[in-house]
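Let us take a walk through this protein together, from its cavities to its two sheets. Keep the structure open beside the text as you read.

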Amino acid sequence: MQNRMPFAISKTESFYEKLSEWIGDVFYDILPEAGFEIRDEQIFMAFQLEKAFKEKKVIFAEAGVGTGKTIVYLLYALCYARYRHQPAIIACADETLIEQLVKKEGDIAKLEKALGLTIDVRLAKSREQYLCLNKLDRVISNPNSEEDFHDVHDLLPDFVESGSSMQKFAPYGDRKDYPELTDDKWNQVAWDSLQDCFTCEKRHRCGQTLHRDHYRNSKDIIICSHDFYMEHIWTKESRKREGQLPLLPEASCVVFDEGHLLEYASQKALTYRFSEQILESLLTRLMANDVREKTLNIIEDAIYQNEQFFHALSLAAESDSISDKKSIKKTENLLKEGRKLHLLINQLEEELVFESEMYVINEYDLKVVEEYLEQISYSLSLFLKDLKGIIWFEDHQGERTLVIMPRMVEDIMKEEVFSQQIPFVFSSATLSENKSFDYMASSLGVENHLSFTVESPFDYEENMQIHTPVFGDDHLNGKMEYTLEKIKKSAGRALVLFNTKEDLRLFKEFSKAKVKWPIYFEGEAEISTLVSHFQNEEQSILCSVNLWEGLDIPGRSLENVIIFSLPYPPNDPVFTAKREGAQDSFNEVDMPYMLLRLRQGIGRLIRTHEDKGEIHLLLNESTSGKVTEKVLSILPVTVK
C-alpha cells in the first residue's frame, strides 16, 4: 500500500488522518505551485467528502460551476482505490462525456503532471461503442460498399483475421478509433441488440471482449456512463448464472458525476426489450436442429405469429417528432395477437424440455435459447397485463422492438446499489430542489445521506451577458439567421445547443457555405473527436443535441453559447408516464426538467475566472409570461 499511495503512511498510522493531511498539502501548496487556480469552495468540498469516505455513506455534493469538483472527487477516489485495493468507479452522465475526463487537456492528465503520479484509468464503454466483426464482414462483402468500411477492415490487428494468438493487449474496435465515420455509417458496423455474442465464433478476438478484460484489471479508476453502471447492476446476477463475469468488478467507491441524471439511467436500465428479429433468428436457428415434428410446427407457427404481433404493434404505435420512442395504444387486435404469441412461446418452452432429454440440440445453444424465451415470455406477460409501467415501440430501419419499463426503481436501487457498504458520491451543480435533497434521495431509494451545497465562485455579472430575443413560432429561418449573425460576430468560438435532432439537421442545411470558420455537427464524426477539434481550433463552431452538460471548454475557444430553444422534455412514453403521475404535469415534470437543462447549458460558458462571453437564449412569442418569469429567475445575470 505504501508504495502506491501518493503520501507516506506507516502500518500504525490512520489512513484517513494521513489522507486529510495530504489533501491539505495538495490544495494549499502543491496545486497552487503547479499553477492551479484553487478556490475556497473547492477546499470546503474536499473536507466534506472526507466524512463520506470515512463513514462509507452516500453524499450529495452540490457544487456550482467552476468549483473544481472533478479534481476533488478524483483525489479521494484515487487514494481510496489504492487503500482498498479495488478500483473506484466514476460514472458520467452518458457515453459522450466519459472521454472528457481522460482527454489530454483533462483533469486526470493535469493531476498526473502536477502530483507526479501515474494513474491507471481505463474506460468501460457500452456495447454500442464497439465494432461488430460479423456486421463489418457483411458490409464489405457487398460489392457496392463504401471505401470507409474497407479502411476500417484494413486497420484490424493481424490476429483478428489470421487466428493467431495475441501476444499482448491490442485495443481496437472502439468508436473513437474511427472518428471519420458518421454516426449513420458507424451504426452499420457497430454492435446492436440483434447480435448474439454468446455463440459468436469471433467472440475471443472481438474488440469488445478484449476491452472488457482490460478495464476489469484497472488498479485505480474505471470510467463508465450511468447507463453502463446501471446495466451492470441489473445484469450482474444473470451473468453469474450464465458463467460470465459481471460487467464491472467490485468497486471501492462510486462517483456519479452529473448525479441528478442517475434516475433516468436507472429507469432505462430496468427495461425489458423484445425484438422481432431476435426471436425470429432464435427460432430459425432452432429449426436447423433435428427436433421433433411437433416442436417444428410450433416453431413455424411462432415465427408467423411473431410477424403478426409486430405488424399489429406498428399499426398501434404513435410517434413524437422529438423522441424515437413511440407510444402504443393497446387495441383489442394487438392484445389478441400478443396472447397468441405468448401461448405459442409457452408451448415451445414446454417442448424444449422434451428435446433436452433427447440431446438433439447442443446444450449451450439450448441454454441460450431457453434464457431468451424466458425473457420474451415474461416481457409479453407484462405487456398483456394492466401494468403500471411505461411501454413503447421502436422502429430503427425495420428493426422493430417492444420496450417495457416497470416502475420499481427506488426499491431496486435501495436493495442492489445503496445496500453496499461503500462511499457513493453524487456530484452536480443541480441536485437539490428548494435547498432540499429529499426528492433526489427518495426517488433513488437512499435512506441515509450526507449533503452540502457550495455556490459558484465566478463573477457572472462581470463576465457574462445574456440576451433573450423573441421570434414568432413559425419564424425558424429568423432564428437561424440570428444564430449565424451571432456566430459571425464572435468569429466562431460558439457552441449551439439544440433540443431536437431535426432542428440540428435544418440548421446544418441552412448554414452550408455561409460560415468561413470550421463548423462541427454532432453525428458527423465521433463526438470526443469533434469536441477536441472545437477546443483546439479557437475560431470554430460546435453544434450539438447532447452536450448540455459535462462539456468543459475554458479559454477563448468558447465565448458564445446559443440556446436554440427552451429544452423541454419530449412527449415520449417515459415522460408521458411521469406527467400522468403528477397532479400538475407542466409544473412538476416539464418545467423542472427544462429549467435544470437550461441551467446546465448556460453553465458551459464560464469555466474559469478569466472566461468571458455571451449567452443567447432564443424564445418564442408563444412562451407564457409565467414561463418567461421562471426562466429569468434562474439566470445568473440580468438580461441585457
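**Cavities and sheets**

The largest cavity holds about 80 Å³ of space. A cavity here is a set of points on a 1 Å grid over the protein atoms alone where a 1.4 Å probe fits but cannot get out, and its lining residues have an atom within 4 Å of a point. Grid points are joined across faces, edges and corners, and a volume is the space filled by probe spheres set on the points. Please bear in mind that this is a predicted model, in which local features need pLDDT of at least 70 and side-chain atom pairs count only at pLDDT 80 or more, while totals for chains, interfaces and linings use all residues. Residues are numbered from 1 along each chain as its sequence is written, and side-chain values use heavy atoms, with hydrogens and water left out.

What surrounds the largest cavity? Its lining consists of I89, Y229, H232, I233, K236, L248, P249, E250, A251, V254, Q420 and I422. Helix α11 (residues 226–241) gives the largest share of this lining, with four residues; helices (H or I, at least four residues) and strands (E, at least two) are DSSP runs, numbered from the N terminus. Sorted by class, the lining has eight nonpolar, two polar and two charged residues. In this scheme Ala, Val, Leu, Ile, Met, Phe, Trp, Tyr, Cys and Pro count as nonpolar, Asp, Glu, Lys and Arg as charged, and the others, Gly among them, as polar.

In total, the structure has three cavities of 30 Å³ or more. The second largest encloses about 50 Å³, and the residues around it are H260, L261, E549, Y593, L596, R597 and Q600. Three of the residues in that lining are nonpolar, two are polar and two are charged.

Now turn to the sheets. In one of them, seven strands make an open sheet with parallel pairing, in the order β3-β4-β2-β5-β11-β1-β12. The edges belong to β3 (121–123) and β12 (449–454), and because each has a single partner strand, one side of each is left without a neighbour in the sheet. From one strand to the next, the twist averages 20 degrees, taken between axes that are lines fitted to C-alpha atoms, with angles running from 0 to 180 degrees between N-to-C directions. Two strands pair if DSSP finds at least two bridges between them. Strand β1 (residues 58–63), for example, is joined in parallel to strand β11 (residues 424–428) by five bridges, and V58 faces F424 of β11.

Strand β5 (residues 254–257) of this sheet contains V255. Is V255 buried or exposed? V255 counts as buried because its relative accessibility is 0%, where buried means under 20% relative accessible area, exposed over 50% and partly exposed in between (1.4 Å probe, protein chains only). Beyond its neighbours within four places in sequence, V255 touches Y73, I89, I90, A91 and V425, contact meaning heavy atoms within 4.5 Å. I89 is also one of the residues lining the largest cavity. From V255 to E621 the C-alpha distance is 41 Å, across 366 residues of sequence.

Another open sheet has six strands, again with parallel pairing, in the order β13-β19-β18-β15-β17-β16. Here β13 (464–467) and β16 (519–521) stand at the edges with a single partner strand each, so one side of each lacks a neighbour in the sheet. Neighbouring strands are turned against each other by 15 degrees on average, direction ignored. At one edge, β13 pairs in parallel with strand β19 (residues 613–617) over four bridges, and Q465 has E614 of β19 as its bridge partner.

Follow the order along to strand β17 (residues 541–544). Four bridges link β17 in parallel with strand β15 (residues 494–497), with S544 as the bridge partner of L497. β17 also pairs in parallel with β16 over three bridges, and there C543 is the bridge partner of F521. In a regular strand the side chains alternate between the two faces of the sheet. In β17, I541 and C543 point one way and L542 and S544 the other, and all are buried.

Two residues round off the tour. T483, in helix α20 (residues 476–489), counts as buried because its relative accessibility is 0%. Setting aside neighbours within four places in sequence, T483 contacts V496, F507, I562, F564 and L618. S565 lies in the loop between β18 (560–563) and α23 (573–580), and at 15% relative accessibility S565 counts as buried. With the same neighbours within four places left out, S565 is in contact with K479, N499, D503, W548 and L618.

Definitions and conventions: On a 1 Å grid over the protein atoms alone, a cavity is a set of points where a 1.4 Å probe fits but cannot get out, and a pocket is an open set with protein on both sides within 12 Å along at least five of seven lines; lining residues have an atom within 4 Å of a point.
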